[in-house]
Amino acid sequence: MDRKVSLVKFERKRKHVLMIGVLFLLVIAALVFTSYWSVVDSQKKIIESEALRLAKVITEQAIGARATYSKNVAEKLVREGIPVTHEYQSVVGSAPIPAQFLSLMSHEVKERNSGLYNYRLVSRWNINPANGLSDRFQEWAFSRLEEQMNAFDSKAFTPAPVWRIEEINGEKILRYLSADVALAASCVNCHNAFEQRSDILKRRSEAGILTQKVFKIGDIMGAIEADIPLGKIESLASQNSRSSLNMVIGISFFGLFLIGGISFASFNREKNAEQKAKIDALTGLLNRTGFLDEGSYGIELCERIGTQAHLLYLDLNGFKKVNDTFGHEAGDAVLQEVGRRLRETTRFSDFVARLGGDEFAILMVSSSALDIEATKAKLKEAVCVPIQYGQETLHVGTSIGHAVYPHHARELTKLMKLADASMYSDKKESKRHLPES
């Protein structure tokens with residue numbers, strides 16, 4: 001089996017490309033996940049912002065609806081002699097007070113919006129017990145609204161809404177409380193009248209609240225609470241984020257693999273071109289260029305590990321006669337067979353080359369004791385075996401020169417010159433056995 005050229009610099013380059021690819025992949029992953037968490041955080045802020053806007057719209061519409069009912073419906077009914085009372089269900093020909101109208105509207109809205117949001121009227125000064133402050137948020141938020149009113153002694157002042165996000169039964173909910181301020185004398189008179197009733201006085205006393213409260217225009221009589229579940233919105237946003245993230249990851253990795261594929265294809269083309277440039281087309285061995293490149297690496301390796309290298313320089317004896325007698329095709333067959341035998345006789349780690357014509361070279365990096373004389377004898381024996389070419393039997397031999405790194409020289413080209421000179425000494429001995437080349 002033909003040996004592959006080591007192409008060391010390409011192995012190094014391949015490792016560098018892989019390292020750069022892995023680093024690039026890590027950078028892409030970091031950027032993708034940083035972007036994802038940035039998107040998630042941004043979406044969270046956007047969701048909260050939009051939920052606040054929705055809560056503001058809901059409470060303003062509710063307060064506006066109550067005010068419209070109070071001014072345009074309730075007052076007209078009273079002027080026409082139709083009672084507006086909180087007991088409207090039991091009084092024939094009567095209408096609900098504005099607060100009850102608002103409660104009825106909130107129930108209807110809740111039924112129609114599929115749980116997207118809901119709102120209700122709450123107050124420390126409740127007329128209907130169902131509208132009292134029933135939990136910590138309502139107590140906290142209503143007190144904050146009252147603190148704002150106490151800090152500004154102005155009828156024109158409207159407290160800023162109070163809100164926070166709470167987790168209720170495993171779901172995050174924006175809870176938003178907006179003050180419902182007395183704007184009309186009719187509202188003030190109605191509520192002051194209620195505060196004088198015995199059942200209201202009893203309720204206030206039991207709740208530890210000041211009795212006989214007297215409202216003025218601009219006072220807080222109640223508040224509108226809007227509750228907006230964030231789970232559905234966050235779930236939808238999360239799905240969109242994951243879809244966007246998957247798309248970004250897909251595009252990023254597609255781009256990465258595309259770039260990687262192009263890079264490795266280019267790398268392989270360059271490697272194959274370099275490999276072809278270093279290989280002798282006839283024998284499959286290294287050519288002179290390949291031997292100088294790869295052999296220099298072998299010398300560099302010897303220098304790093306502190307060991308010897310043996311350079312053998314071979315020239316065929318009798319090759320000229322084969323060419324002259326049987327033709328160049330026969331000569332090529334001899335070169336191919338000699339190249340095959342040299343590969344089989346040497347170690348896999350040895351650098352074997354055809355330098356040109358009938359000249360060959362072998363660089364043997366030795367990490368242990370190497371009987372170079374025995375090696376040369378094996379090589380000569382292998383080359384001298386007759387070669388069958390069609391009906392003809394061809395005979396060649398070889399002369400071998402020898403130089404040692406670092407004893408004779410430290411550079412490959414100098415070692416080649418010394419080994420070449422040594423080969424001619426050996427050739428003189430070989431002339432007695434085979435025809436001259």
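Among contacts in the chain between residues at least 6 apart in sequence, what percentage join residues at least 24 apart? For this predicted model, the figure is 68%. Here are my notes, point by point.

1. Start with the whole chain. Its secondary structure comes to 11 helices and 10 strands. There are 437 residues, and 41% of them count as buried. The chain exposes about 24600 Å², with carbon and sulfur atoms supplying 56% of that area.

2. Next, have a look at the largest nonpolar core, which has 22 residues. Want to find it on screen? Pick out L312, L316, V334, V338, L342, F360 and I362, since these touch the most other members. Several elements feed into this core: strand 5 (308–317), helix 8 (319–326), helix 9 (328–345), strand 7 (359–366) and helix 10 (372–384) supply at least two residues each. Helix 9 gives the largest share, five residues. Apart from this core lies another one, made of 21 residues, and L286, A309, V365 and L412 are among them.

3. Now for how the helices pack. Two packed helices are described by the angle between their axes and the distance between the axes. Take helix 8 and helix 9: their axes are 6 Å apart, at an angle of about 145°. On the helix 8 side, the contact is made by F319, V322, N323 and F326, while helix 9 brings H328, A330, G331, V334 and L335. Sort the residues of this contact by class and you get six nonpolar, three polar and no charged.

4. Helix 9 also packs with helix 10. Here the axes come within 9 Å and cross at roughly 145°, and the crossing is right-handed. Helix 9 makes the contact with V338, R341, L342 and T345, and helix 10 with K378, L379, A382 and V383. What classes do the residues in the contact of helix 9 with helix 10 fall into? Five are nonpolar, one is polar and two are charged. Two names may ring a bell: V338 and L342 of helix 9 sit in this contact, and both were listed above for the largest nonpolar core.

5. Last, one residue to zoom in on: H191, which lies in helix 4 (residues 185–194). Is H191 buried or exposed? Its relative accessibility is 16%, so H191 counts as buried, the cut-off being under 20%. Leave aside its neighbours within four places in sequence, and H191 is in contact with I127, F215 and M221. Try showing those side chains together with H191 to see the contacts for yourself.

Note on methods
Residues are numbered from 1 along each chain as its sequence is written. This is a predicted model: local features need pLDDT of at least 70, side-chain atom pairs count only at pLDDT 80 or more; totals for chains, interfaces and linings use all residues. Side-chain values use heavy atoms; hydrogens and water are left out. A nonpolar core is a set of buried Ala, Val, Leu, Ile, Met, Phe, Trp, Tyr and Cys residues joined through side-chain atoms within 4.5 Å. Buried means under 20% relative accessible area, exposed over 50%, partly exposed in between (1.4 Å probe, protein chains only). Helices (H or I, at least four residues) and strands (E, at least two) are DSSP runs, numbered from the N terminus. Axes are lines fitted to C-alpha atoms, for helices over the stretch in contact, and angles run from 0 to 180 degrees between N-to-C directions. A crossing is left-handed if the near helix is turned anticlockwise from the far one by less than a right angle, and right-handed if clockwise. Contact means heavy atoms within 4.5 Å. Ala, Val, Leu, Ile, Met, Phe, Trp, Tyr, Cys and Pro count as nonpolar, Asp, Glu, Lys and Arg as charged, and the others, Gly among them, as polar. Accessible areas come from the Shrake-Rupley method with a 1.4 Å probe; for residues, only the protein chains shown count as cover.
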